Amino acid sequence: MGRHSYLEITLLLLVCLSIPICQSLNNGLALTPPMGWLSWQRFRCNTDCVNDPENCISEQLIKRQSDCLVSEGYRDHGYEYVTIDDCWSATERDKDGKLQPDPDRFPNGIKKLSDYVHSKGLKFGIYGDFGSKTCAGYPGSEYHMKLDAQTFADWEVDLLKFDGCNSDIKDAPKGYPAMTKYLNMTGRPILYSCEWPFYNWQHGIKSNFTAIRNTCNMWRNHWDIQDSWQSVTGVIQYFVKNDKQFRSFAGPGGWNDPDMLVIGNYGLSYDEERAQMAMWAILASPLIMSLDACNVRPRSKSILQNKNVIAVNQDKLGIQGSLKLVQESVYKLQIWTRPITPHGSYAIVILNLRKGGGPSAVNFTLTDLDIYNSDGYNLTETFDGKYLGIYKSNATFKCKVNPSGVYMITAVPVTYVDNKLRFVPRNESISSEKRQNDRI
Ligand code: GLA
């Protein structure tokens, strides 16, 4: 794919748009992996606002997190969707059968909250379930999907995370697309995040990814992520196992979702946090944080706000990276690559899965990774933007990678003169003079 021209990629996109097999949910959303914040991993189903007012699922929490997403700079780095997960609703529907929020925790209603989030220049997301109840036991959308889609649209919701607890898995091929239809009928573009493949997997059912991509803008494949390195690597290994299949369905409009970034919480070391960020970037995964945005260690915040790594994640080609090389036995060292812009460039992540010892010395050539041109590449360390030099495809590249850590590189063909342009945030225009100064 990396050797395809822009023309070929454009043609491929045009073909995708015109034949049903690779058509995505036609709402024009998620052209790059969605970025935002979700309450679940950090705040779970904490409804105890008496004893834990700061952390319970409430309008105060969502407002405070929205404030901090702005004041701490996350919004300006692209994290835009603020989504309340499970446990926002009352235990019963209202007299007209509509979903309603818990009156004590959301005294002003969801529309007011959505207005608040929008006033901050952010987008607002909510959670539902196509079964009879949500995973935490709140009212599900079974027999109410059309009404619920309209209620969400009336509340000016921008994203719906739709779960599958308490449902019959045999209903999923009808249930998830039914919600797509009802969301479309509201006329409001609502990004649709679903868990269909995960529930299939749980029940030993092979997923029809063509149907899933036609239905959802992002889809969870695996168990819930937890705040631990074991959990993060478990998700990565699941993606390794299904690499080819998952990859072939990801692209602008629809993405595999390995679940939230757990960076900024309690379970990951500094190296492990860098590793999750780099892997989610190479996998073209949604970047959905779940943390207390008002209280993040500076080192974690700088990882989450690393423009170079975000640029790889958000690369407009939207090609999910793949595992190219495994060194040492039992997947200890993995080298992943992802074609990115400008044409012919790659992001490379060396992931060290060793649990102990010191940094591992790694040697490889770009040719080993199927990255080849006759003139060579400008290599840059991605996190720090440190220029590493020009490497011909058959030259040996050496680096050291910390245990449970990553080394991330971007390789841009030397023939591409404006090789630093990729790192300029979207919409920011720069003078040619500054561009020259930024060049190495
Ligand atoms: C499931 C989902 C989680 C979260 C919880 C809420 O477990 O996979 O992401 O939404 O339900 O109850």
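Which hand does the crossing of helix 5 and helix 6 have, left-handed or right-handed? Before I answer, I should say that this is a predicted model, in which local features need pLDDT of at least 70 and side-chain atom pairs count only at pLDDT 80 or more, while totals for chains, interfaces and linings use all residues. Residues are numbered from 1 along each chain as its sequence is written, and side-chain values use heavy atoms, with hydrogens and water left out.

Let me start with the helices, which, like the strands, are DSSP runs numbered from the N terminus (H or I and at least four residues for helices, E and at least two for strands). Two packed helices are described by the angle between their axes and by the distance between those axes. Helix 5, residues 145-154, and helix 6, residues 172-186, have axes that come within 9 Å and cross at roughly 45°, where axes are lines fitted to C-alpha atoms over the stretch in contact and angles run from 0 to 180 degrees between N-to-C directions. That angle makes helix 5 oblique to helix 6, since angles under 35 degrees count as roughly parallel, over 145 as roughly antiparallel, 65 to 115 as roughly perpendicular and the rest as oblique. The crossing of helix 5 and helix 6 is right-handed, meaning that the near helix is turned clockwise from the far one by less than a right angle, with anticlockwise for left-handed.

Helix 9 (residues 229-241) and helix 11 (residues 270-282) pack at about 20° with their axes 11 Å apart, and they are therefore roughly parallel to each other; here the crossing is left-handed.

Turning to the ligand, the residues that surround it, each with a heavy atom within 4 Å, include W40, Y127, C135, R220 and D224. Oxygen atoms of the ligand lie 2.7 Å from a side-chain N or O atom of D85 and 2.7 Å from one of K161, and a polar side-chain atom of E195 is 2.9 Å from a ligand oxygen; the cut-off for such a polar contact is a pair of N or O atoms within 3.5 Å. The protein covers 93% of the 310 Å² of accessible area that the ligand has on its own, computed by the Shrake-Rupley method with a 1.4 Å probe.

Finally, two backbone details: a cis peptide bond, with omega of about -5°, joins T341 and P342, and P342 is in the loop between strand 10 (333-340) and strand 11 (345-352). D370, although not a glycine, has a positive phi of about 65°, and D370 is placed in the loop between strand 12 (360-365) and strand 13 (377-381).

Definitions and conventions: Polar contact = N/O pair within 3.5 Å; in protein donor to acceptor, adjacent residues only side chain to side chain.
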